[in-house]
Amino acid sequence: MHALSFFPGDDLEEGRRRLLDLLGLYKRRKGHRVIVVFDRTDKVGLGEEKVRMGGVEVIFTRRGEKADDALVRLASQYREGCVLITSDRSVREEASRYGTFSFSSQEFQRKLWWVQYSELKGEEEPVEAYKPSRKLPKKARRRLRIWNKL
C-alpha cells in the first residue's frame, strides 16, 4: 500500500512507523492478519527480511526486488486467502489473475479512519448496503462482502 502519502511532511521512516502504528490498531480491532511490504532501503541485507512490529508482519524486499513484485508473489502464494491493498492498478490487475481481491489504498484509507474513530468514540463502522433495482453481478456481490469484512 502506497499509504505513506497519508502522512504528508513525514520522512520515510517516520511515515512507515506511523503507518505500522495505524495498521497495528486495525489488526487489534479487526483481528485480521496484516502483512506490509516495503522496498528495501538499506544496502546491507541481500535477502528478504521479515520482522514483526506491533502485531503487523513487515517484509523488506530482497535486494533488487520491488515491493510491487513481492505483492504479486504473495498474491500468487495466498490466492483467494488474502486481500491486497495497493494504489498500483497494474499490481491489482495482476493479483486478480490469482483470484486475489484487491482494493485501492484510497478505499482502504476509509477503513483505517473508521478504526481510529471507533477506537476514540466506540462506534462501529456502518456496513455498506447496496440496494440496486437489480441484483449485482456475482463478482461485485463477493467484492462487497469482502469489503464489509475488512
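Two strands count as paired if DSSP finds at least two bridges between them. Strands are DSSP runs of E with at least two residues, helices are runs of H or I with at least four, and both are numbered from the N terminus. The structure is a predicted model, in which local features need pLDDT of at least 70 and side-chain atom pairs count only at pLDDT 80 or more, while totals for chains, interfaces and linings use all residues. Residues are numbered from 1 along each chain as its sequence is written, and side-chain values use heavy atoms, with hydrogens and water left out.

**Overview of the chain, with 5 helices and 5 strands.** From the N terminus on, the elements follow the order α-β-β-β-α-β-α-β-α-α. Of the 150 residues, 36% are buried (under 20% relative accessible area; exposed is over 50%, partly exposed in between; 1.4 Å probe, protein chains only). The chain exposes about 9,600 Å², and carbon and sulfur atoms supply 49% of that area (Shrake-Rupley method with a 1.4 Å probe; for residues, only the protein chains shown count as cover). Among contacts with a separation of 6 or more, 40% are between residues 24 or more positions apart (contact means heavy atoms within 4.5 Å).

**The open sheet of 3 strands, in the order β1-β3-β2.** Pairing in this sheet is mixed. Strands β1 and β2 are at the edges with a single partner strand each, so one side of each has no neighbour in the sheet. From one strand to the next, the twist averages 25 degrees. Helix α2 lies across β1 and β3 and runs at about 150 degrees to β1 (axes are lines fitted to C-alpha atoms, for helices over the stretch in contact; angles run from 0 to 180 degrees between N-to-C directions).

**Strand β3 (residues 56-60) and its bridge partners.** Strands of a sheet pair through backbone hydrogen bonds, either parallel or antiparallel. Here β1 (residues 35-38) runs parallel to β3 and is joined to it by 4 bridges, whereas β2 (residues 49-53) runs antiparallel to β3, with 5 bridges. On the β1 side, I35 has E57 as its bridge partner, and F38 stands opposite F60. On the β2 side, K50 is partnered by I59 and R52 by E57. The hairpin of β2 and β3 has 2 residues between the strands, and G54 takes a positive phi near 60 degrees there. In β3, 5 of 5 residues are buried: V56, V58 and F60 on one side, E57 and I59 on the other.

**The largest nonpolar core, with 21 residues.** A nonpolar core is a set of buried Ala, Val, Leu, Ile, Met, Phe, Trp, Tyr and Cys residues joined through side-chain atoms within 4.5 Å. The residues with the most contacts inside this one are L23, Y26, V36, F38, V56 and F108. At least two core residues come from each of α1 (12-30), β1, β3, β5, α4 (105-121) and α5. Helix α1 supplies the largest share, 6 residues. A second, separate core has 11 residues, including V72, L74, V91 and A95.

**The buried face of helix α3 (residues 89-96).** The buried residues in α3 are V91, R92 and A95. Seen down the helix axis, they fall within an arc of 100 degrees, so they line one face of α3 (the arc is that of the directions from the axis to the C-beta atoms). An α-helix has 3.6 residues a turn, so residues three or four places apart point the same way. Cover for the buried residues of α3 includes α2 (67-78), β4 (83-85) and β5 (101-103).

**Surroundings of I146 in helix α5 (residues 138-149).** I146 has a relative accessible area of 17%, which means that this residue is buried. Apart from neighbours within four places in sequence, I146 is in contact with V83, F101 and F103. V83 and I146 are 63 residues apart in sequence, and their C-alpha atoms are 8.3 Å apart.
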